[in-house]
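This report describes the surroundings of a ligand and a pocket. Please look at the structure first, then read on.

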Amino acid sequence: MAYGSGGSSAICMEGGNRLTGTVQIQGSKNAALPILAASVLIPDECVLKNVPCITDIDCMGNLLKSTGAVLDWQEHTLLIDAENIREYRLPARYVSAMRSSVVLMGALLGRVGEVLVDYPGGCVIGKRPIDLHLFGLEKLGAQIWTDKNRIHAYADELKGTTISFPFPSVGATQNTILAAVTARGTTVIQNAAREPEVTTLCDFLNKAGARIEIGYDFIATGKIVIHGVEVSALHGVTYEIIPDRIVAGTYLFAALGAGGSITLENAPVGQLRSVCALARRMGAVVESDEGQNQIAVRTDKYGRMKNVAFVETGVYPEFPTDLQSPLLACACVSEGELTIEERIFSSRFKVVEELVRMGADIEVLNNKRVHVRGVERLLGRSVIAKELRGGAALVIAGLAAEGITTVTDIGFIKRGYQDIVGDLKGLGARISYVD
Ligand code: UD1
């Protein structure tokens, strides 16, 4: 896989330039990861298109290879041949690097009836237990042993049942779906996550021969019905990964922070309603064309954005937690004050310290709330990315700041953005990778 960012370790930019032009939105990381995991269920060759070239995908690819799958990259197209899956033990170095490796549990249980895995890693954004994942798998009949470091799951046969999640976890829903696809009988999931990354996984699996029903009442109830099929009934499929709503939202907030007039192309318009509504309330002109997958964002040439009083993150279709830090960066240079409440993760404000070093006026009220008083300008500084979306937020802050900003430790950013510098340069930003 060829990354747009090469082997660079930092991003350097000179702020103060309005963004103009058009940017193509990459394929979605969070949609692609569970679909790659799902491919181990299918004893055939799948062709995935529009796969983003990011390190998390590379990591999932290595995990698939370790199970016996054969992978072949052709630009953004990934061929996965999972005819011969032999290995149920997943290598610790990949599992500990990425939390979504945990969704391989459901897929491997469904395919080979066993999985041995270390506790998964991922960005440090508060407590990230996996109790709901294990709850779903156990309900389907898996026996699970855990110790301090590892999880061992085994099932002679998975059996369909009714599973009602106390909280609609995205990963736990995906894991349970993956295990239920080849379980005997019918599984009903209640209060499943409604995120587009769940529905696209079901769509992919159905095209590959699974029998998953998502009814008209899905958004209201989170009900998913899965009729189990034999592994041999699953077959190869060619599937296009949906565009990344979080990358699209990141560039939208970059334009709001730095000012500008940009068009997001290949953007998932319908998935960004809450984000576009907020941008409008902050004073941007946002025009979207669902047929053309385009969102045009324009800010006033002479004024700053205006903060709304309060924004809370929530499960889909509410404002996404992954755009909380990009919004925060933009709010720092907008007029007025904003309180953000983070309702999904227990501690997702690591970026605050770095933004404050750039001159932002932010008070952390508690683990869940921050209060921002907009300042007229941020000052360019050397700052450190500490997690993926917080890292992207520092790039947004750098573009809005006066002077030169260097963001280091961009390994976190490369987990999710295939070429953030190339994309922003295409919008006229003065930005480059540095070694
Ligand atoms: C996914 C996304 C992530 C996004 C999040 C919420 C991927 C690879 N990542 O993460 O970018 O921010 O959805 O939209 O798709 N929880 C438990 N027990 C569990 C599982 C989750 O308590 O077993 C808690 C988590 O700690 C967190 C909340 O539920 O506080 C949401 O987590 P979840 O929806 O599972 O997010 P992820 O699937 O990890």
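## Polar contacts of the ligand

An N or O atom in the side chain of Asp322 lies 2.6 Å from an oxygen atom of the ligand. The model is a predicted one. Backbone atoms take part as well: a polar backbone atom of Ile344 is 2.5 Å from a ligand oxygen, and a polar backbone atom of Val170 is 2.8 Å from a ligand oxygen. On its own the ligand has 740 Å² of accessible area, and the protein covers 86% of that.

## The shell around the ligand

How many residues surround the ligand? There are 19, and the closest are Asp131, Leu132, Ser169, Asp322 and Ile344. By type, the shell consists of 7 nonpolar, 6 polar and 6 charged residues.

Helix H5 (131-139) and helix H6 (170-180) each contribute at least two residues to this shell. H5 gives the most, with 3 residues.

Where does the ligand lie with respect to domain 1 and domain 2? Domain 1 (10-26 + 244-434) and domain 2 (29-240) both give residues to the shell, so the ligand lies between them.

## The second largest pocket

The second largest pocket holds about 440 Å³ of space. It is lined by 23 residues, of which Gly257, Ala258, Arg304, Glu376 and Ala400 are the closest to its centre. The lining divides into 8 nonpolar, 7 polar and 8 charged residues.

Two helices that each supply at least two residues of this lining are H9 (245-258) and H13 (388-400). H9 gives the most, with 3 residues.

Terms used. Residues numbered from 1 in each chain as written. Predicted model: local features only at pLDDT ≥ 70, side-chain atom pairs only at ≥ 80, totals over all residues. Heavy atoms only, no water. Near = heavy atom within 4 Å. Polar contact = N/O pair within 3.5 Å; in protein donor to acceptor, adjacent residues only side chain to side chain. Areas by Shrake-Rupley, 256 points an atom, 1.4 Å probe, with all protein chains shown as cover. Helix = DSSP H or I, 4+ residues; strand = E, 2+ residues; numbered from the N terminus. Nonpolar A, V, L, I, M, F, W, Y, C, P; charged D, E, K, R; others polar. Domains from an automatic or database assignment. 1 Å grid on protein atoms, 1.4 Å probe; cavity = no way out; pocket = protein on both sides within 12 Å on 5 of 7 lines; lining within 4 Å. Points joined across faces, edges and corners; volume = space filled by probe spheres on them.
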